[in-house]
Amino acid sequence: MLRRRLTINGIVQGVGFRPFIYSLARDIGLVGSVYNTSDGVKVEVQGNLPQLEQFESRLHSEAPPLSTIISVEMEDIPTRDDSEFTIVSSHDNASVSTLISPDVALCDDCKAELFDNKDRRYRYPFINCTNCGPRYTIIEDIPYDRPFTSMKHFPLCETCHAEYQNPQDRRFHAQPNACPACGPQVWITDHSGKKIESTDPVSKTIELLVEGKILAIKGLGGFHLAVDATNADAVARLRLTKGRDEKPLALMVRDIDAAQQLVDINPDERATLLSIQAPIVLCTSKENTKTAQNIAPGNDRLGIMLPYTPLHHLLLSEKLDTLVMTSANFSEEPICIDNDEALDRLSGLADYFLLHNRDIYLRSDDSVVMEMSGEIRPLRRSRGFAPRPLFMQKKGQSVLAVGGELKNVIGLSKDEKIFLSQHIGDLENLEAFEFFQMTIDHIQQIFEIEPELIIHDLHPEYLSTKWAKDHSIPLLGVQHHHAHLASCMAENNLDEPVIGIIMDGTGYGTDGTIWGGEFLIGDASGFERKTHFEPMPLPGGEAAIKSPWRIGLSYLHHVFGNNLPKIPAFKDREIQPILKMLEANINSPLTSSCGRLFDAVAALSGGRQEIRYEAQAAIEFMQAARNELGTDSSLFESSNINGTNIITMNSIIENLVSRIRDGKDQVKLSQWFHSSLVNTFSHMTDILREESGIDRVVLSGGVFQNRLLFESLLEKLETAGYKVYTHKQVPTNDGGIALGQVIIGQNYLRK
Ligand code: ZN
Ligand code: ZN
Ligand code: FE
């Protein structure tokens, strides 16, 4: 007879972990107990050696879906005369080291009860259990206990309380546990906030949607605006009121079968759609679907998600099987979460509101992922993922990384864990900036983190930089693309220096110009800028980003001066004012950005001249290539200036213009350009490998959301014998830079 004490760390509270241990121990015939302490969950098990070994192996293989075991420490202790296995209730301070689970999709057991007319929670929109439901978004403070969540307003009824107390029940210690008798409720109002009397607000909502109305629907991490996806007029009205004229809208579909009517779904995408995170997956659209044509105009992908709350399942179970579900906000403001705030901010957007009285404490947008090169990759890591930490191999000091400006995400570290926040958004607007500050406070509080250093971007005008400088904690400024490089290194557990191919939109360089098409060699302690595109003037600064033709004109002017070739796409353009601006060098900052090069080439090739959403020109130009590289391919020239290789613009633009003169269409031009970039990038990497002997390459930066470029370059480099590392846990865009900032900051403190 042996007795062992196991100390288990990880996401092991509020996820059904103690009932799981209880059932497992009893199943094997062990006696002992399980209890929470500030060091983690402790289990004492007593039995013979084979029994203990079975327990230790099944502990890992059968752990509950929401739990994550990071470490198990074991020690032998003297046996005792227990007669059974028990759960010892928590003491004070027991949740100190708890990791909080993200919010997760409705589980199958709860879904079955939801549609079972004999169940006491039949059609109850807030059904949940220890394996599913809200977590992070309803937590106000620690420990994770009902009084510290937005469920505090709903005292449990007797039946719910009994479930909550019963270790053998699926709802044992499920903090959001509720039923129609004791829990939150839904109701409908018109756009002015006047309640619409209805015995069944969910059915009423469906009716209104079928009529073509716009509904603001309160969900898990915020409000959505919903319309019937088959109703083009309703979609058009939604676009008009939301001020979003062309950007693709996400869809929520009833189930996988309904999704397959709209898009192609491979096995990984299918598993991701059905996963407990239930993100939006960008899948390839099928032709001639029944959904309105104005959902994703000019885009060959559709963002699809499955219902993830009971309310969503109810809404999609009857007449409707596909809804547009877009974050309820004006353009880039953060998603609405509060009833009054929603009625105030959205009354001009929505015809009706489906509200409920379970408060959302912390907003969390839908996550977005896309498959590339056989891996599912996040483009926005938010609901379902945050605040699950990334676990590093070594411990580091606690630091705060404030991220960038657009797609802001903040990072906080503690020991070997790095907590990345949900998507905060573009800090330019006041609401997002307030949300940014609140999220920093909240994560520090619920994970008890006191940062010793704040890491910010070098850009002096970023609001995150300014915020950092207002604090009395020591600061470290980190170059934007160095953070991209370190981010990709961190998630791949790399320490040794790498070649970083960082292809990006905008990032402040150490020389005060805008960078974004960079080959860096470096690691967490520093970097050298080894290769980059020749910097080009951006007429009108950041404003030019909305007008790719201006960027095209600037690049053309740089190469041809006053002998401008005739470009069909610019036939009716007023080019003189821009040329004057360039000649006088007024408000024309220099950039080596690869994103801007794409804008220029797309515009010159006859693609988008003006854009309606971020990267639209580059996305449409990539699509024009129909996922094929050209057999026609150039190797762009470079010159070495003081040890730095500069890819010259003359060689790119002259090659392009000669093909435009030959009458090549956009399809051919795009195929040629992509293939030339792949060629040139791999050639420049060869030069760096020869020089440095380094064969590890990381790919990062927003441009690598371009599937054709990413997949082709990855394949070419791997064929050439490189070890290539890419993003799978955090976005390749600026949503990933906080991770790199944390790593660089921790490394700085170590020295
Ligand atoms: Zn459940
Ligand atoms: Zn109840
Ligand atoms: Fe970036």
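Q: How are the donor residues of the iron ion (ligand 3) spaced in sequence?
A: This is a predicted model, and in it the donor residues of the iron ion (ligand 3) follow the pattern H-x3-H-x19-D-x229-D along the sequence. In such a pattern the letters stand for the donor residues and each x with its number stands for the residues in between, as in the x229 that comes before the last D here.

Q: Which atoms are the protein donors of the iron ion (ligand 3)?
A: The protein donors are His480 (NE2), His484 (NE2), two entries for Asp504 (OD), and Asp734 (OD), and they lie 2.0 to 2.8 Å from the iron ion (ligand 3). Because His480 belongs to helix H13 (residues 480–491) while Asp504 belongs to strand E22 (residues 498–508), this pair ties together parts that are 24 residues apart in sequence.

Q: Are His480 and Asp504 buried or exposed?
A: A residue counts as buried when its relative accessible area is under 20%, and both His480 and Asp504 are buried.

Q: Which residues coordinate the zinc ion (ligand 1)?
A: The zinc ion (ligand 1) is held by the SG atoms of Cys107, Cys110, Cys129 and Cys132, at 2.3 Å. Along the chain these donor residues have the spacing C-x2-C-x18-C-x2-C. As for accessibility, Cys107 has a relative accessible area of 15% and is therefore buried, and Cys110, with a value of 0%, is buried as well.

Q: Why is the arrangement around the zinc ion (ligand 1) tetrahedral?
A: The general idea is to look at the angles between donors, for which the ideal value with four tetrahedral donors is 109.5 degrees. In this structure the four donor atoms around the zinc ion (ligand 1) subtend angles of 105 to 118°, and the arrangement is therefore tetrahedral.

Q: What coordinates the zinc ion (ligand 2)?
A: The zinc ion (ligand 2) is coordinated through SG atoms of Cys157, Cys160, Cys179 and Cys182, at 2.2 to 2.4 Å. The angles among its four donor atoms are 104 to 116°, and the site is tetrahedral, while the spacing of its donors along the chain is C-x2-C-x18-C-x2-C. Both Cys179 and Cys182 are buried.

Q: Which residues of helix H4 are buried?
A: In helix H4 (residues 158–165) the buried residues are Cys160, Glu163 and Tyr164. They are on the same side of H4, because the arc that they cover around the axis is only 100°. Cys160 is also one of the donors of the zinc ion (ligand 2).

Q: How does one read the buried residues of helix H5?
A: One first lists them and then looks down the helix axis. In helix H5 (residues 201–210) the buried residues are Pro201, Val202, Thr205, Ile206, Leu208 and Leu209. Seen down the axis of H5, they fall within an arc of 165°, so they line one face of the helix. These buried residues pack against several elements, among them strand E6 (186–190), helix H9 (310–315) and strand E14 (352–356). H5 is followed by Gly212, which has a positive phi, near 95°.

Q: Which domains does the domain assignment of the protein chain give?
A: The assignment gives domain 1 (2–100), domain 2 (186–356), domain 3 (387–488 + 733–751) and domain 4 (531–725). Domain 3 is written as two stretches of the chain. Between the C-alpha centres of domain 2 and domain 3 the separation is 32 Å.

Q: How many residues has the largest nonpolar core?
A: As a general idea, nonpolar side chains tend to be buried together in soluble globular proteins. Here the largest nonpolar core has 103 residues, and Phe533 and Phe673 are those with the most contacts inside it. At least three residues of this core come from each of domain 2 (186–356) and domain 4 (531–725). Apart from it lies another core, of 49 residues, including Leu52, Tyr144, Leu362 and Ile410.

Q: What does Phe533 touch?
A: Not counting residues up to four places away in sequence, Phe533 touches a set of residues that includes Met503, Cys594, Ile646, Leu677 and Phe681.

Q: How does one read a single position, such as Gly721?
A: One asks where the residue sits, how accessible its surface is, and what lies around it. Gly721 is in the loop between helix H20 (707–719) and strand E30 (723–725), and its relative accessible area of 42% makes it partly exposed. Although Gly721 and Asp695 are 26 residues apart in sequence, their C-alpha atoms are 7.7 Å apart in space. Leaving aside neighbours within four places in sequence, Gly721 is in contact with Arg689 and Asp695.

Methods. Residues are numbered from 1 along each chain as its sequence is written. Chains are lettered from A and ligands numbered from 1 in the order in which they are written. This is a predicted model: local features need pLDDT of at least 70, side-chain atom pairs count only at pLDDT 80 or more; totals for chains, interfaces and linings use all residues. Side-chain values use heavy atoms; hydrogens and water are left out. Donors are N, O and S atoms within 2.8 Å of the metal (3.2 Å for Na, K and Ca); water is not among the atoms, so sites may look incomplete. Four donors count as tetrahedral if all angles lie between 85 and 135 degrees; four count as square planar and six as octahedral if opposite donors are over 155 degrees apart and all others between 65 and 115; anything else is irregular. Buried means under 20% relative accessible area, exposed over 50%, partly exposed in between (1.4 Å probe, protein chains only). Helices (H or I, at least four residues) and strands (E, at least two) are DSSP runs, numbered from the N terminus. The arc is that of the directions from the helix axis to the C-beta atoms. Domain bounds come from an automatic or database domain assignment. A nonpolar core is a set of buried Ala, Val, Leu, Ile, Met, Phe, Trp, Tyr and Cys residues joined through side-chain atoms within 4.5 Å. Contact means heavy atoms within 4.5 Å.
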